[in-house]
Amino acid sequence: LIANIKNIPTHENVEDAITALERMMHRGAIAADGKSGDGSGLLFSMPEDFMKKEAHKLGVDLPKQFAVAMIFLNTDEQKRIFEETCEQNDLKVLLYRDVPVKTKALGKLALDSLPQIVQAFVTSSSLVATKRFEALLYLTRKMVEKRLSTESDFYIASFSSKVISYKGLVMPTYIKTFFPDLSDSDFKATFALFHQRFSTNTLPKWKLAQPFRTLAH
């Protein structure tokens, strides 16, 4: 964990967290290709300025209260179910953003199972939802997970107005290459939780990469 004691978001925190993650190479297994492993990632405080900039590029000016869901999916039907469930809970999907990735950073195992990585920008659509925003985000995620419980390729890595997860079947030394977002100077965080998974009794999967939505172990 790296954090700014004064709760000031900086890109330096992001860079330091990535460097620290790279120092954890001993924590996970590495395949012969040097790129395939058990997965790694970072959980950041929400980089609000960056998210607002990216949404603006897509023609949307985000309101003061918004959340971002980081989703691994493979079909438009999964996206439709996510959006439908949001509407059931007085939430509105403002836009979807395809997260830029560079697949040259991946080994064969990760590349063969690479999901579509999408960010859904969500806001409240009623006064009640505004006051219960985080609770409704949690409820919506659980409902979507239940509806899509048989589809192993679907996973919500994070869905919050406070934090966002960048993770996957990526070696720590390649995660910055894989996610160009992390190199943007406007991507600033007050803290970053980082980890590399060590696979013990399960095969590596995108959704099993560390860290999780609130912790790492």
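Colleague: In this predicted model, are E54 and R97 buried or exposed?

Modeller: Both are buried: E54 falls in that class, and R97 does as well. A residue is called buried when its relative accessible area is under 20%.

Colleague: What do the side chains of E54 and R97 form, and how far apart are their closest N and O atoms?

Modeller: They form a salt bridge, and the closest N and O atoms are 3.3 Å apart. The two partners come from distant parts of the chain, with E54 in helix α2 and R97 in strand β4 (residues 91–98), 43 residues away. This pair also belongs to a wider arrangement, since salt bridges link E54, K57, R97 and D181 in a network.

Colleague: How many salt bridges does the structure hold?

Modeller: There are 12 salt bridges. Another of them joins K53 to D184, with 2.8 Å between the closest N and O atoms. K53 is part of helix α2 (residues 48–57), whereas D184 sits in the loop between α7 (175–178) and β8, so this pair ties together parts that are 131 residues apart in sequence. K53 is partly exposed, as its relative accessible area is 24%.

Colleague: How far apart in helix α6 are R141 and E145?

Modeller: They are four residues apart in helix α6 (residues 133–147), which means that about one helical turn separates them. Their side chains meet in a salt bridge of 2.9 Å, taken from N to O. The two partners can then be read by their accessibility. R141 counts as buried because its relative accessibility is 10%. E145, with a relative accessible area of 22%, is partly exposed.

Colleague: For contrast, why is D112 placed in the exposed class?

Modeller: The cut-off for that class is over 50%. D112 is exposed because its relative accessible area is 56%. It lies in helix α4, which spans residues 108–112. One may also set sequence against space here: D112 and K207 are 95 residues apart in sequence, and their C-alpha atoms are 14 Å apart.

Colleague: Let us turn to the strands. In what order do the four strands of the open sheet stand?

Modeller: The order is β1-β8-β2-β7, and the pairing is antiparallel. The edges are held by β1 (2–3) and β7 (163–168); each has a single partner strand, so one side of each lacks a neighbour in the sheet. Within the sheet, strand β2 (residues 40–45) runs antiparallel to strand β8 (residues 191–196), and five bridges join them. As an example of residues across this pair, F44 stands opposite A192 in β8.

Colleague: Which residues touch the most other members of the largest nonpolar core?

Modeller: They are L42, F44, M51, Y166 and W206, in a core of 40 residues. Helix α1 (residues 11–22) contributes the most to this core, giving four residues. Another core lies apart from it and has 21 residues, including V118, A129, F133 and L148.

Colleague: How many aromatic pairs are counted?

Modeller: The count is eight aromatic pairs. One of them is formed by F50 and F187, whose rings are tilted, at 5.2 Å centre to centre and with 55° between the planes. The pair joins distant parts of the chain: F50 belongs to helix α2 and F187 to the loop between α7 and β8, 137 residues apart. F50 counts as buried because its relative accessibility is 1%, and F187 counts as buried because its value is 0%.

Colleague: What type of aromatic pair do F72 and Y155 form?

Modeller: Their pair is tilted, with 6.1 Å between the centres and 40° between the planes. F72 is in strand β3 (residues 67–73) and Y155 is in strand β6 (residues 155–160), so the pair ties together parts 83 residues apart in sequence. F72 is buried at 3% relative accessibility, and Y155 is buried with a relative accessible area of 12%.

Colleague: Which residues do ring pairs link into a cluster?

Modeller: The cluster consists of F44, F50, Y166, F178, F179 and F187.

Colleague: Over the face of which residue does K79 lie?

Modeller: K79 lies over the face of Y96, at 4.8 Å from the centre of the ring.

Definitions and conventions:
Residues are numbered from 1 along each chain as its sequence is written. This is a predicted model: local features need pLDDT of at least 70, side-chain atom pairs count only at pLDDT 80 or more; totals for chains, interfaces and linings use all residues. Side-chain values use heavy atoms; hydrogens and water are left out. Helices (H or I, at least four residues) and strands (E, at least two) are DSSP runs, numbered from the N terminus. Buried means under 20% relative accessible area, exposed over 50%, partly exposed in between (1.4 Å probe, protein chains only). Two strands pair if DSSP finds at least two bridges between them. A salt bridge is a side-chain nitrogen of Lys or Arg within 4 Å of a carboxyl oxygen of Asp or Glu. A nonpolar core is a set of buried Ala, Val, Leu, Ile, Met, Phe, Trp, Tyr and Cys residues joined through side-chain atoms within 4.5 Å. Rings of Phe, Tyr and Trp (its six-membered ring) pair if their centres lie within 6.5 Å; planes under 30 degrees apart count as stacked, over 60 as edge-to-face and the rest as tilted. A charge sits over a ring if NZ of Lys or CZ of Arg is within 6 Å of the ring centre and within 35 degrees of the ring normal.
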